[in-house]
Amino acid sequence: MNIKKPFFLFICSSNIILFVLTPGKNELHAQSKTQAFDSFKIGLKFITNTNRNTFHNYWNPEKGFECFAEMPFYYGSVQAGVHVFLYNDKDNDIPEFLTRYFYLGWGKELPLPLKINWFNGFRVGSYQMIFDDDEINETQIMESELGAGLSSRLSYPVYKKLMVGISVSYIAVFTYKKVELTFISVGADYTFTTPKWIKDILE
Amino acid sequence: MKCIQLLTILLLIINLQVKAGDKWHDFSEKQIITIDMIRDAGLTRVADILLLANDWIVNTIDGFTWQASANGLSSFQRQTWLLMIDGQRMDINIFDITNLNMLPISINQIDYVEIISIPQIIEGEFTDKGLIHIHTVRPEAGLSYHGRLTYGNETGDPGPYRYTEFKSKNVDRIGADRSNEVSFAGKKQYIGASQTDQVYYPTDAAIYNRNQIISGKDYPRINMSSYSFKAGINALKGEHELFAGYTFVEDFLFFKPYGREIPVKSYFTHAGVNGFFMINDKTDIHYRCKYSTNRLKKRANIFDLDFDRELENVYANLEVDRRGSFYQSKIGIRFDRSYAHTKYQLDKDAYSSAAIYGQLNYSLTDNLHQSFSAFLRLDNDKIAVKGQATNSWKINSKQKLISILSFSQRNFEEDNSYWRWAENGYNFLEANSGGYSIIGGINKSQQFTTDIIWKAGINKTSSIEIGALYRFFNNLYFEKQTLQFDSFMESFSSPVQISAGEKGQVGGGRIRFNYQFTPQLGQRFFYSFRTAISGDDIFQDVWESLARHKIGFTLNYHPVENFSMWAMLSYLSSSNWIEYQEAAGQSGGKYSSTVNEAMILDMAAQKWIWHKRIRGSLLFRNIFNQLQKYHPNGASLELRFHIQAEILLDSIWSPE
């Protein structure tokens with residue numbers, strides 16, 4: 001399935017709208033005092049790459065997974081996570097490689113009808129590529145580059161604080177020739193109450 | 001004779017009984033950069049503070065070593081601005097290159113920085129070309145530990161495309177940099193020690209080939225290690241400090257007369273003490289002395305180039321400060337002796353200089369304050385006279401008008417340029433197939449400066465400052481080169497002609513506006529403009545290499561105490577480097593003699609945790625990935641990010 005530009009525009013525009021809805025002073029302070037770091041969510045997702053471009057003329061995307069943690073921040077929520085994905089070579093002269101995207105993110109969750117929550121945010125991080133190449137020296141086996149992108153998630157509570165969700169995300173890897181990837185993922189997350197001593201440290 | 005006459009006049013002025021106001025007036029015009037501003041901006045290296053210096057224009061070739069011009073006081077050709085740590089002069093300049101990253105401290109040891117952009121006497125020095133004065137943090141009581149780890153990366157690596165027809169070269173990686181500092185402080189004394197490591201890869205496409213060819217290594221790398229020790233005590237009715245430091249850098253020194261970077265090992269050692277005794281409630285005696293060495297040694301290179309040069313310096317300064325109900329004055333004397341060590345045969349391997357100076361501040365009325373200073377410097381048998389006069393008029397409770405006039409002569413011996421060494425027999429260039437000629441004799445230069453500044457506090461949350469400047473220079477010397485591009489070695493070459501006796505005038509102005517929207521959100525705006533008004537052709541050509549317009553707009557947002565966001569939009573107009581004109585054509589478009597204007601957005605965020613014991617910071621530079629170059633043959637600094645973690649464990653243990 002090819003994901004076309006209008007789809008990105010949609011994700012972008014939804015995020016821009018969120019930024020435009022800048023919090024008022026009182027609103028921000030209200031959250032900072034009552035909600036920031038109150039809970040933390042951990043989740044696991046299975047991901048698949050959905051777009052096709054020049055990059056895919058050389059590599060076939062396999063499947064991957066993503067682990068993340070998310071906490072309410074002074075406004076919105078912050079995320080930290082890692083996304084792991086394997087790309088198989090299409091040509092024997094070109095090695096396959098494994099990617100690890102360590103990211104930090106921020107976003108805002110909006111409640112929708114039917115208990116559905118809609119999260120939109122952005123991420124930045126280190127996109128590491130580990131090449132399966134025996135002919136290069138050890139220092140060149142791994143290369144890392146800045147990765148940044150957007151994410152959007154719909155989630156639904158299935159049991160107490162356990163939620164299932166579907167997400168779309170877009171990553172631009174700022175290599176000399178930019179790598180642009182979009183993913184769809186499904187997964188689950190669980191929300192815990194933050195122990196007081198951890199909240200105390202984080203505040 | 002002149003020297004004695006001027007000194008007599010100065011002493012007479014000091015003894016004049018003038019009407020005075022009750023309060024002291026701070027005459028030193030400066031920009032202060034605090035540690036909070038440094039942290040907000042996510043800065044990771046000491047040299048990064050130049051990016052916050054409003055009135056300074058900077059350039060860099062590799063992104064690690066920066067050159068600067070302070071408020072129109074010099075061009076890029078003479079890097080003669082001064083550098084101090086806690087009142088001690090740091091002589092790290094090597095052949096007109098002052099790399100702030102060579103200081104033996106890390107950025108998290110800084111408490112605040114004074115950027116002096118107007119000639120005046122500070123800590124026994126006359127700042128005719130500007131000064132950066134770094135004040136380090138005084139340790140908290142008890143045992144403390146501070147540590148920092150930073151890592152950065154510039155975008156534009158080939159990534160997986162290196163296996164395809166889209167392959168490209170790897171670009172700069174920044175760090176990882178580390179620093180550790182341990183200190184112990186009691187009620188009246190403290191000691192502290194620090195260690196810093198920095199790594200930088202000068203591998204941008206514009207400089208990679210030059211560095212790779214000369215070093216013979218695929219991944220040219222700059223390594224820096226430094227150590228410092230600091231101790232202080234309050235005793236004898238005063239404060240006394242010892243600072244010692246050592247820096248070792250494996251560097252690529254861009255040596256323009258040779259047209260390329262040369263791998264070098266650079267060593268800097270410094271040990272100094274300074275402080276004051278209070279004689280009575282009106283008189284203090286200040287003292288400063290230091291010993292330093294600055295050494296360049298060979299680092300492996302295919303041409304076997306070896307600067308083999310060491311400069312040893314001993315410095316002593318004694319100053320008497322006196323306060324009265326009518327005036328505040330200082331008078332001082334200082335002495336410098338330098339020893340040169342090299343394999344090249346020098347005409348003279350030791351050299352001395354002495355100076356005597358004085359300053360008087362007084363208030364004619366409650367609203368009118370004045371300051372006069374004079375500084376006489378003797379280099380061998382040459383006298384250089386320097387002086388400054390300031391008038392500060394408090395128009396009303398919100399407005400102030402300041403005018404500053406200065407005149408300074410500068411002996412050739414005050415510079416640490418290659419040419420001063422070459423004239424003394426240091427023939428590195430001739431020994432390595434280079435050469436130079438001097439047209440006209442290099443004599444004492446003169447500089448006259450005028451600055452007029454109007455400051456107004458509009459209300460409690462906003463202030464404005466407007467200034468105009470004029471500079472007149474006479475008897476300057478400039479390097480004149482018509483660089484040719486060597487496509488095989490990817491470097492530049494040209495015979496060097498030193499053109500002496502040059503003169504010219506510079507004019508400009510600036511506007512600053514600060515506004516605090518809310519207690520959480522503030523903004524600062526500045527615009528500065530400087531240009532050569534007239535002068536000899538080479539003077540005007542050299543000033544073309546400095547951007548005329550500089551704009552900065554900074555937003556600071558502190559929504560809560562432990563989290564902040566910072567953004568700076570900066571604009572630097574284009575500059576033209578005439579000596580690269582022919583080389584640019586020969587390089588087939590790889591280089592250009594014009595550095596284009598650039599509008600750059602930087603953004604940073606920081607979060608404190610564990611009751612301000614741990615700080616995480618993320619900085620993005622050049623977010624819109626514009627072409628950001630500072631030098632015609634320098635790196636283009638694309639979108640890059642810096643991440644740093646800092647741990648501040650203050651007062652972990654205390655004997656009480």
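## Close-up views of chains A and B

**View 1. Polar contacts link chain B to chain A.** Between chain B and chain A, 16 residue pairs are in polar contact, both residues of each pair being at pLDDT 80 or more. The model shown is predicted. On the side of chain B that touches chain A, at least two residues come from each of β10 (142-154), β30 (549-560), β34 (598-609) and β35 (614-621) of chain B. That side of chain B holds 18 nonpolar, 10 polar and 5 charged residues.

**View 2. One salt bridge joins the two chains.** The count of salt bridges between chain B and chain A is 1. Its partners are E143(A) and R162(B). Their closest N and O atoms lie 3.1 Å apart.

**View 3. The contact buries area on both chains.** An interface is often sized by the accessible area lost when the parts come together. Chain B and chain A bury about 2900 Å² between them. Carbon and sulfur atoms account for 64% of that area. Look for P160(B), Y161(B) and Y163(B): these residues supply 23% of the area that chain B buries against chain A. No other three residues supply more. The contact draws 33 residues from chain B and 35 residues from chain A.

**View 4. Chain A combines helices and strands.** Chain A has 4 helices and 8 strands. Read from the N terminus, its elements run α-α-β-β-β-β-β-α-β-β-β-α. Chain A contains 203 residues, and 48% of them are buried. Now take the contacts in chain A between residues at least 6 apart in sequence. Of these, 62% join residues at least 24 apart. Chain A exposes about 10400 Å². Carbon and sulfur atoms supply 64% of that exposed area.

**View 5. R89(B) sits in a strand of chain B.** The strand is β5 (residues 88-89). Is R89(B) buried or exposed? R89(B) counts as buried because its relative accessible area is 8%, and the cut-off for buried is under 20%.

**View 6. The side chain of R89(B) makes polar contacts with two acidic partners, D91(B) and E125(B).** The contact with the side chain of D91(B) spans 2.9 Å. The contact with the side chain of E125(B) spans 3.0 Å. Leaving out residues up to four places away in sequence, R89(B) touches L82(B), L83(B), M84(B) and E125(B). R89(B) also touches H270(B), K290(B), N313(B), Y315(B), R334(B) and D336(B).

Note on methods:
Residues are numbered from 1 along each chain as its sequence is written. Chains are lettered from A and ligands numbered from 1 in the order in which they are written. This is a predicted model: local features need pLDDT of at least 70, side-chain atom pairs count only at pLDDT 80 or more; totals for chains, interfaces and linings use all residues. Side-chain values use heavy atoms; hydrogens and water are left out. Contact means heavy atoms within 4.5 Å. Buried area is the accessible area (1.4 Å probe) that two parts lose on being put together, summed over both. A salt bridge is a side-chain nitrogen of Lys or Arg within 4 Å of a carboxyl oxygen of Asp or Glu. A polar contact is a pair of N or O atoms within 3.5 Å; within protein, one must be able to donate a hydrogen and the other to accept it, and residues adjacent in sequence count only if both atoms are side-chain atoms. Ala, Val, Leu, Ile, Met, Phe, Trp, Tyr, Cys and Pro count as nonpolar, Asp, Glu, Lys and Arg as charged, and the others, Gly among them, as polar. Buried means under 20% relative accessible area, exposed over 50%, partly exposed in between (1.4 Å probe, protein chains only). Accessible areas come from the Shrake-Rupley method with a 1.4 Å probe; for residues, only the protein chains shown count as cover.
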